[in-house]
Amino acid sequence: MTLAAPVPRRGPRRDGRFTAWAFLLPAVAYVVVFFGYPLAANVVTSTQDYTVKSFYTGEAPFVGLANYAAVLANPLFSTAVLNTVLFTAGSLVFQFGIGLALAVFFAGRFPGGALLRSLLLLPWLLPLVVSGAVWRWMFDQDHGVLNAASRLIGVGAVPWLSSTAWALPAVILTNIWIGIPFNLVILHGGLRAIPASLHEAAALDGAGAWQRFRHVTWPLLRPVTGIVLMLGLVYTIKVFDVIMVVTGGGPANATQTLTTWSYRLSFHDFAFGQGAAVGNVLILAATAFGLLYLRSAKATLAEAAA
Amino acid sequence: MSAARRALLLVASAALLTACSPTAPPASNAPAATSITELDYYADEQGSAAWQKVLDACAAQTGIRIERRTVPTAQMLPKILQGASSKTLPDLLFTDNPTLQQVAATGALTPLSDYGISADGYYPGIVKAGTYRDKLYGVAPGVNGLALIYNKDLLTAAGVRPPSTWDELTAAAAGLTGDGKYGLAFSAISSEEGTWQFLPFFWSNGAELSRLDSPQSTQALAYVTGLVTSGSASKSVVTWNQNDVADQFVAGNAAMMVNGSWNLARLDEQKSLHYGVVPIPVPKAGAKPVVALGGEVGAVPVTGGPTQQAAGKVLTCVLAEPTMLQWSKAHAYVPSKTAVAAKFGAEQPAMRAFVDEVGSARSRTTELGEKYPKVSQALADAIQASLTGKLPADQALKTAQQAAGS
């Protein structure tokens with residue numbers, strides 16, 4: 001996209017335009033083949049009665065919006081939507097909050113800071129399946145390390161994964177832990193880009209630490225904040241493996257989100273059309289948030305330019 | 001269209017299906033194939049090694065080279081569907097018996113009568129599991145089921161005898177609970193595994209899968225729920241799969257467990273652990289326990305002439321008495337032919353309870369066929385809702401019946 005812009009408007013420079021298109025072509029082809037086509041196929045599938053048999057025979061009768069109607073009428077729909085919202089919001093708020101606090105902490109230079117910071121990246125490097133499995137052990141009601149700690153401080157054992165009330169907080173906690181490094185890294189980078197002289201000037205004017213953060217750091221960090229939150233939202237809303245490994249959507253659907261439910265509809269109930277429909281609902285939601293972000297980003301840019 | 005279908009799978013489970021599909025060579029017109037591809041899910045070390053020996057023996061015997069592929073259990077069906085849509089099915093596959101109906105329904109399998117394999121001499125339950133619309137599509141070299149495995153030392157110390165009825169099980173589990181130990185462990189995870197562990201209680205009490213909210217069914221679920229609410233079994237059963245249950249038992253955290261014969265070899269490795277096996281306790285004394293029939297069935301997909309015949313030959317070899325016995329011994333399965341099983345039970349005392357139960361075991365798909373997975377999922381949800389105290393047993397099962405019926 002950016003390559004097309006610098007082409008001069010004056011004069012018909014055909015070969016220049018051709019070159020621009022030639023550069024663009026691989027990217028366009030990639031997007032069409034690996035995003036456009038599967039997306040379109042998913043939309044088509046969601047309007048078909050796609051069963052196990054369809055895989056072999058290729059026959060899947062068109063049923064219009066029946067799959068969407070079935071999904072909406074399913075009592076699990078509201079559960080999955082609510083869980084997805086809680087999971088996404090809960091993860092985002094704490095990932096970002098803790099990530100920001102750590103980024104501010106590490107913005108100051110002190111001995112061992114760089115080493116500590118790289119250690120904090122560990123959750124990011126582990127395969128999600130490994131993190132999930134380890135958290136599952138830690139959450140174990142009778143022998144998990146979390147409850148061993150809670151007993152030590154006199155609080156009773158928490159039924160982390162075996163109660164419908166605690167399971168969702170437990171998977172959110174796992175996902176927060178996984179997401180902190182990403183927030184830390186990007187926000188840390190954003191902080192480093194703020195000139196130290198601004199802080200020094202504010203300090204000379206008598207601003208305390210909180211005032212410097214509130215009136216210097218925070219406003220200047222806003223563009224980075226927007227990107228972190230947006231990417232975090234898109235990552236979180238589609239989280240599948242963490243939930244699958246830690247709870248499998250249970251107990252009693254307490255941690256069923258749109259992604260795990262879509263998988264279950266497709267590969268447990270073999271209602272592939274309905275599974276695709278749920279997937280599309282999720283894509284729509286993510287797209288809506290993406291558009292919102294683009295609009296606000298444009299506004300920020302216009303503000304900055306003015 | 002096959003590309004479109006592959007794309008659907010990519011979207012639906014990109015993470016799970018990134019492995020490339022097996023590319024079986026297209027069937028040529030050559031008179032006999034000398035090599036075939038085989039797919040199974042024996043991914044655990046011990047089971048995989050035992051299965052490899054069976055295949056090696058049959059490769060030597062038939063002169064057919066067997067190219068083996070193994071996937072994790074959960075990926076078996078997606079893998080088969082992917083193969084069906086891209087016409088790259090393996091020549092021979094061994095899959096969990098309840099999935100056979102799904103695969104047979106696609107039209108991707110060949111009747112075993114094509115290769116001279118008949119149902120004679122097999123346990124009726126396993127024949128039913130492998131039969132789709134009156135034709136036999138899959139047979140197992142060995143079957144398995146669930147029994148009650150107990151820690152002899154803990155029971156002796158507590159002065160408790162291995163239970164045979166529900167009342168005895170309740171009393172025994174309560175008597176063995178304490179000191180951070182639970183009397184009983186079982187799996188009630190939110191998948192087929194949870195349903196499979198509940199079915200012995202469900203069926204032994206006279207309930208039927210076609211009506212999940214019957215009084216017999218409610219009574220069975222209320223009974224199992226009682227074991228958890230009374231504290232005789234851990235609340236964590238809703239998160240344990242059967243391997244976790246075996247871990248708890250081996251660690252001495254549970255005095256008794258509901259588990260399958262395939263775990264016995266693992267228990268044998270623990271020299272300090274002395275265990276015994278009895279059939280699953282029944283509601284009333286004198287009744288026969290009805291467990292669900294487990295194990296993998298061999299099937300031959302439609303892949304074209306010569307390789308199909310070769311796969312048929314290998315399957316015939318796997319089902320022959322010597323290989324059947326070899327497999328059953330190595331992986332603690334019950335031979336699926338009644339006569340072979342009787343011989344086997346006489347030789348292996350630890351397996352006797354399992355052998356006894358197979359006679360009355362039921363196939364999960366006999367009643368419902370292709371509808372089984374949906375009903376099984378609904379039942380697993382009901383079990384979890386009841387065990388976590390979200391809903392009382394009767395309401396949980398009413399909800400399940402509605403979900404299964406829709």
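Helices (H or I, at least four residues) and strands (E, at least two) are taken as DSSP runs, numbered from the N terminus. The model treated in these exercises is predicted.

**Exercise 1. State what secondary structure chain A contains, and in which pattern.**

Solution. Step one is the inventory: chain A comes to 14 helices and zero strands. Step two is the order along the sequence, which reads α-α-α-α-α-α-α-α-α-α-α-α-α-α for chain A. Step three adds the dimensions: the C-alpha trace of chain A spans about 80 × 75 × 30 Å along its principal axes.

**Exercise 2. Examine the backbone of the loop between α12 and α13 of chain A at P251(A) and N253(A).**

Solution. Begin with the location. P251(A) lies in the loop that runs between α12 (241-246) and α13 (258-267) of chain A, and N253(A) is likewise found in the loop between α12 and α13 of chain A. Next, inspect the peptide bond from G250(A) to P251(A): this bond is cis, with omega near -10 degrees. Finally, turn to phi. N253(A) is not a glycine, yet its phi is positive, at about 65 degrees.

**Exercise 3. Classify the packing of helix α8 against helix α16 in chain B, and identify the residues of the contact.**

Solution. First, take the geometry: α8 (residues 192-204) and α16 (residues 372-387) of chain B pack at an angle of about 80 degrees, and their axes are 8 Å apart. Second, apply the class limits. Angles of 65 to 115 degrees count as roughly perpendicular, and therefore α8(B) is roughly perpendicular to α16(B). Third, list the participants. From α8(B) come E192(B), G194(B), T195(B), F198(B) and L199(B), while α16(B) supplies Y372(B), S376(B), L379(B), A380(B) and I383(B). Fourth, sort these residues by character: six are nonpolar, three polar and one charged.

**Exercise 4. Describe the interface of chain B and chain A by its extent, its buried area and its polar interactions.**

Solution. Start with the extent: 45 residues of chain B are in contact with 36 residues of chain A. The area buried between the two chains is about 3,500 Å², and carbon and sulfur atoms give 60% of this area.

Then consider the specific interactions. Two salt bridges are found across the interface of chain B and chain A. In a salt bridge between R264(A) and D381(B), the side chains meet at 2.6 Å, N to O. The count of residue pairs in polar contact between chain B and chain A is 12, with both residues at pLDDT 80 or more.

Last, resolve the side of chain B that touches chain A into elements. Those giving two or more residues are α1 (2-13), α3 (76-85), α4 (100-105), α10 (242-250) and α16 of chain B. Of these, α1(B) gives the most, with nine residues. By character, this side of chain B divides into 23 nonpolar, 15 polar and seven charged residues.

Methods:
Residues numbered from 1 in each chain as written. Chains lettered and ligands numbered in written order. Predicted model: local features only at pLDDT ≥ 70, side-chain atom pairs only at ≥ 80, totals over all residues. Heavy atoms only, no water. Axes fitted to C-alpha atoms, helices over the stretch in contact; angles between N-to-C directions. Parallel < 35°, antiparallel > 145°, perpendicular 65-115°, else oblique. Contact = heavy atoms within 4.5 Å. Nonpolar A, V, L, I, M, F, W, Y, C, P; charged D, E, K, R; others polar. Buried area = accessible area lost by both parts, 1.4 Å probe. Salt bridge = Lys/Arg side-chain N within 4 Å of Asp/Glu carboxyl O. Polar contact = N/O pair within 3.5 Å; in protein donor to acceptor, adjacent residues only side chain to side chain.
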